[in-house]
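Here are some short exercises for getting to know a new structure. Try each task yourself with the model in view, then read through the worked solution.

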Amino acid sequence: MLTVSTLADQFHAFHKTSDQMGALWKGSLDQLELWEDFTEEGVAARRQALREFADQAGQLAVSEGVHPTLDLIAFAARSTDEQLEWYHDFQQFNSNMGFHPMLLTFGPRFPLVTAEHGQRYLTRMSNLPKALRDFADRIASAVERGRVANLTMVEQTLGGIDRHLGAPVDPLAAQKPPTEMNEPEAAAWKAELERILRDAVRPALVELRDTINDRALPAARSDDHPGLVHLPGGGDSYERLVWANVSREVAAEEVHRIGLEQIERLEEEYRTIAGPLLGTTDVDAVSYTHLTLPTIQHWCRSRWSQYH
């Protein structure tokens, strides 16, 4: 018999396995060998499973009554399902949060401790070429379906890969060996990682680069039309994505209005508080002066060094 606790455990296990972009962000060792599934079949199966979890939560709510865990499962499942409609076609071109930039930022920073961690990490890197090629196939498929990011995002992604390929040392080689390895073991582990990066990962990264350059770049949308509203079905989907991100039924225009009002309130605060101190009420000048003050620069550097 399915219970709230059982469903919660099943949903948590599914999330840990399927959300590998999140696992990359967290440096999770739980599913170390896995990468995000970019294939159309894999994404479709994931979305179907999410809908089933939401349905199961709804069915349990009939017998269990109002239950916060069931509400959470239902919302998380349906929200993720909505976001996956566009996620792999567009978000992966984000120059900060896309697959390649996240790979460079978090890929070589896993907290490896044991020899088992080390072997599993090498297996992970051996599996990376398939993920890169699946990503390239996804891009080619998205182009055929008319789902292409805007020009700047495509160019930035391409530039990031070119810098990666042109680096004298592969940035992914920065991963430290497991802390429990002795010096000879760590040296052998490092040599094997570098071999995998050179012989397996680099060729797949070149293929990804060529796919973006040859397929996505020529088809990239104008920067004047970056939003989903410029794509078939994008307007309706955008409304659903608002719900998926704020958990409320609110029109996109209303969210936009609230954002503009908040910006106006903040700018008024800048004029009132910083204006007399800096001798200007021009918001652009206030922002520039604020960011270039030595005390602010020192604070930013301190915070950066603290967390990086």
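**Exercise 1. Work out which secondary structure elements the protein has, and how they follow one another.**

Start by counting: the protein has 13 helices and 0 strands. Next, walk along the sequence, and the pattern reads α-α-α-α-α-α-α-α-α-α-α-α-α. For the overall dimensions, the C-alpha atoms fill a box of roughly 65 × 60 × 40 Å along the principal axes. Then look at contacts: of those with a separation of 6 or more, 76% link residues 24 or more positions apart. Finally, 37% of the 308 residues are buried.

**Exercise 2. Decide which part of the model to read with care.**

Remember first that this is a predicted model. Its pLDDT averages 89, and 93% of the residues score at least 70. Now find the weak spot: over residues 296-308 the pLDDT is below 50, and this stretch has 4 contacts in the model beyond near neighbours in sequence. Where pLDDT is low, the predicted coordinates shouldn't be read in detail.

**Exercise 3. Find the largest pocket and describe its lining.**

Begin with the space itself, which comes to about 850 Å³ in the largest pocket. The lining has 33 residues, and the closest to the pocket's centre are Q83, Y87, Q91, L241 and N245. Then ask which helices take part. At least two lining residues each come from α1 (4-18), α2 (20-26), α3 (40-64), α4 (68-83), α5 (87-90) and α10 (234-246). Last, sort the lining by type: 19 residues are nonpolar, 11 are polar and 3 are charged.

**Exercise 4. Take α4, one of the helices lining the pocket, and check its length and its buried residues.**

First, the length: α4 has 16 residues and reaches 22 Å from its first C-alpha to its last, close to the 22 Å expected at 1.5 Å a residue. Second, pick out the residues with under 20% relative accessible area. In α4 these buried residues are L70, I73, A77, S79, D81 and E82. Third, see what lies over them: the cover includes α1, α3 and α10.

**Exercise 5. Do the same for α10, and compare D236 with the buried residues there.**

The 13 residues of α10 should span 18 Å at 1.5 Å a residue, and the end C-alpha atoms are 18 Å apart, so the two agree. Buried in this helix are G234, S237, L241, V242, W243 and A244. Their cover includes α4 and α11. Now turn to D236, which also lies in α10. D236 counts as exposed because its relative accessible area is 56%, and the cut-off for exposed is over 50%. For a sense of distance, D236 and L278 are 42 residues apart in sequence and 45 Å apart in space, C-alpha to C-alpha.

**Exercise 6. Look just past the end of α10 and spot the unusual backbone angle.**

Which residue with a positive phi follows α10? That's S247, with phi near 60°. To see why this stands out, recall that most residues other than glycine have a negative phi. S247 is a residue other than glycine, yet its phi is positive. Next, place S247: this residue is in the loop between α10 and α11 (252-278). To finish, check how open S247 is: a relative accessible area of 43% makes this residue partly exposed.

Conventions:
Residues are numbered from 1 along each chain as its sequence is written. This is a predicted model: local features need pLDDT of at least 70, side-chain atom pairs count only at pLDDT 80 or more; totals for chains, interfaces and linings use all residues. Side-chain values use heavy atoms; hydrogens and water are left out. On a 1 Å grid over the protein atoms alone, a cavity is a set of points where a 1.4 Å probe fits but cannot get out, and a pocket is an open set with protein on both sides within 12 Å along at least five of seven lines; lining residues have an atom within 4 Å of a point. Grid points are joined across faces, edges and corners, and a volume is the space filled by probe spheres set on the points. Helices (H or I, at least four residues) and strands (E, at least two) are DSSP runs, numbered from the N terminus. Ala, Val, Leu, Ile, Met, Phe, Trp, Tyr, Cys and Pro count as nonpolar, Asp, Glu, Lys and Arg as charged, and the others, Gly among them, as polar. pLDDT is the predictor's confidence in each residue, from 0 to 100. The expected span of a helix is 1.5 Å times one less than its number of residues. Buried means under 20% relative accessible area, exposed over 50%, partly exposed in between (1.4 Å probe, protein chains only). Contact means heavy atoms within 4.5 Å.
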